[in-house]
Amino acid sequence: MTITRTAGVTAAQGFRAAGVAAGVKKHGGLDMALIVNDGPHLTAAGVFTSNRFKAAPVLWSQEVLKSGELRAVILNSGGANACTGTAGVEDAKEEAIHLARQLAAAGVSINAGQIAICSTGVIGDRLPMKAIRSGIEALPELLGDSAEKGLEAATAIMTTDTVAKRSEYASAKGWKVGGMVKGAGMIAPSLATMLCVITTDAIVNQMDLESALRFSTSRTFDRLDVDGSTSTNDTVIVMANGASGVVADQTELTKAIFAVCDDLADQMMSDAEGVTKRCIVTVSGAKTEDDALTAARVVARDNLVKTALFGEDPNWGRVVATLGVAPVPMDILKVTVAFNGKKVFARGGGLPDARDIDMSGDRINVDIDLGVGRETASIRTTDLSHAYVEINSAYTT
């Protein structure tokens, strides 16, 4: 299996993309992206935030995806269109209608019900619709299928991200999966604060596509936890068009979508707000996978653990104190903790030289064994740095 990071959403045949600076962001730069599925098929599926305050674009996209078909996805950064009431819903509807007209004028057969919408930015602000309309009018003429166009689209959806995030998988059988994502903060399940679009030119039915997507997101994006905060706008959309002419084996399709999601999730962890340490917390020896996942998440979210990571402090005491409140079975005298492969806690106490561990690298592994079973799960997380606090203390200003 080979994962590359060249084109992203334009890696698969039959997809075009573009990005434009429409003036949605106050400080300039690319801020709107468009991805068009040129067919011959329009199969699609999506996974969305579990937050009950769902943004208007989420509500719109959930509705249009009931058909299992998408011709296009329009995305913007610089404004979330969340908690904006009925006016925000009308703005989302206007986006879709206006884009359908512009694409139709450009020769794309489409209706508003075949367009998904994704937005990211400050919650509570109405979108600047004059700028949105301007971007929609410009994007169709900018569409292309090159790697550069894929990069444009990935760049246009960035907020506090510092790099554009792309990934692609090429099957030896002649089809591809490509993807792009944004996300750097307010990251916690379900999905993390993220907008993600995945494309494939394989022939696949809607049920299989949705199954592959849900399996993949539940084991990648849902297991990325930077700060315990869940957004109102989280969206992952996958589109298939069959342009390769090859029917994808379901096992390989799932493997491919998982690989792209996993790579994108790792890029999100690596680019998290203020990050200096990238950490994987793995819990084994659990009775069930859900127990392992719960325990790993409790440790990964703890602020004292995260600040210890930032300070390069192998403080196993913070780990076991946090682990002890996880609502899962464990055998206290069999629990072990290791940092970067070196065991620091066992048989109810710290081990010799437990504090003498080099934590200076940017990747840290925390391994925990609960001592009661055979199941394992991991959570990606990061440290809590001065920069994270600074970024988020002034996010709306």
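Let us start at S244, whose contacts beyond its sequence neighbours (residues up to four places away are not counted) are Q13, G174, W175, D201 and A202. This is a predicted model, so what follows describes computed geometry. S244 belongs to the loop that runs between β10 (235-240) and α6. Is S244 buried or exposed? Its relative accessible area is 17%, and since buried means under 20%, S244 counts as buried. Its side chain also reaches the backbone oxygen of D201, at 2.7 Å.

One of the residues that S244 touches, G174, leads us to the next stop. G174 sits in the hairpin of β7 and β8, where five residues lie between the strands, and it takes a positive phi near 105°. The two strands of this hairpin, β7 (residues 165-170) and β8, pair in the antiparallel sense over six bridges. To find a matching point across the pair, look at K165, which stands opposite V181 in β8.

Strand β8 has another partner as well: β8 and β9 (residues 195-200) pair over six bridges, again in the antiparallel sense. Here K182 has L195 of β9 as its bridge partner. How much of strand β8 is buried? Six of the seven residues of β8 (residues 176-182) are buried, so the strand is largely enclosed by the rest of the structure.

Further along the chain we come to an open sheet of six strands. Reading across it, the order is β14-β13-β12-β15-β11-β16, and the pairing is mixed. Its edges are β14 (349-350) and β16 (375-382), each of which pairs on one side only. Inside the sheet, β12 (residues 336-339) and β15 run antiparallel and are joined by four bridges. As a landmark for that pairing, the bridge partner of T336 is D369 in β15. Helix α9 packs on this sheet and touches β12, β13 (342-346), β14 and β15. The direction of α9 makes about 140° with that of β12.

Now for the charged residues. Side chains of opposite charge can pair when their charged atoms come close. In this model the count comes to 18 salt bridges, and three of them are worth a visit.

Begin with D91 and R126, whose side chains meet in a salt bridge with 2.7 Å from N to O. This pair links distant parts of the chain: D91 is in helix α2 (residues 85-105), while R126 is in the loop between β6 (115-120) and α3 (129-142), 35 residues apart. The two partners have their own surroundings. D91 is buried, with a relative accessible area of 4%, whereas R126 is partly exposed at 48%.

Another salt bridge takes us back to the sheet. D266 and R363 meet through their side chains at 3.1 Å, N to O. Because D266 lies in helix α6 (residues 250-270) and R363 in strand β15 (residues 363-369), the pair ties together parts that are 97 residues apart in sequence. D266 is buried, with a relative accessible area of 15%, and R363 counts as partly exposed at 40% relative accessibility.

The remaining stop on this part of the tour is the salt bridge between E312 and K277, where the closest N and O atoms are 2.8 Å apart. Once more, distant parts of the chain are linked: E312 is in the loop between α8 (303-310) and α9 (316-323), and K277 is in the loop between α6 and β11 (278-286), 35 residues apart. Which partner is buried, and which is partly exposed? K277 is buried, with a relative accessible area of 3%, whereas E312 counts as partly exposed at 36%. Salt bridges can also share partners, and in this way D262, D266, R363 and R380 are joined into one network.

We finish with the cysteines. A disulfide is a covalent bond between the sulfur atoms of two cysteines. How many disulfides does the structure hold? The number is zero. Take C118 to see why: its sulfur is 9.3 Å from the closest cysteine sulfur, in C196, which is too far for a bond. C118 counts as buried, at 1% relative accessibility. C279 is also buried, with a relative accessibility of 1%.

Terms used: Residues are numbered from 1 along each chain as its sequence is written. This is a predicted model: local features need pLDDT of at least 70, side-chain atom pairs count only at pLDDT 80 or more; totals for chains, interfaces and linings use all residues. Side-chain values use heavy atoms; hydrogens and water are left out. A salt bridge is a side-chain nitrogen of Lys or Arg within 4 Å of a carboxyl oxygen of Asp or Glu. Buried means under 20% relative accessible area, exposed over 50%, partly exposed in between (1.4 Å probe, protein chains only). Two strands pair if DSSP finds at least two bridges between them. A polar contact is a pair of N or O atoms within 3.5 Å; within protein, one must be able to donate a hydrogen and the other to accept it, and residues adjacent in sequence count only if both atoms are side-chain atoms. Contact means heavy atoms within 4.5 Å. Axes are lines fitted to C-alpha atoms, for helices over the stretch in contact, and angles run from 0 to 180 degrees between N-to-C directions. A disulfide is a pair of cysteine sulfur atoms within 2.5 Å.
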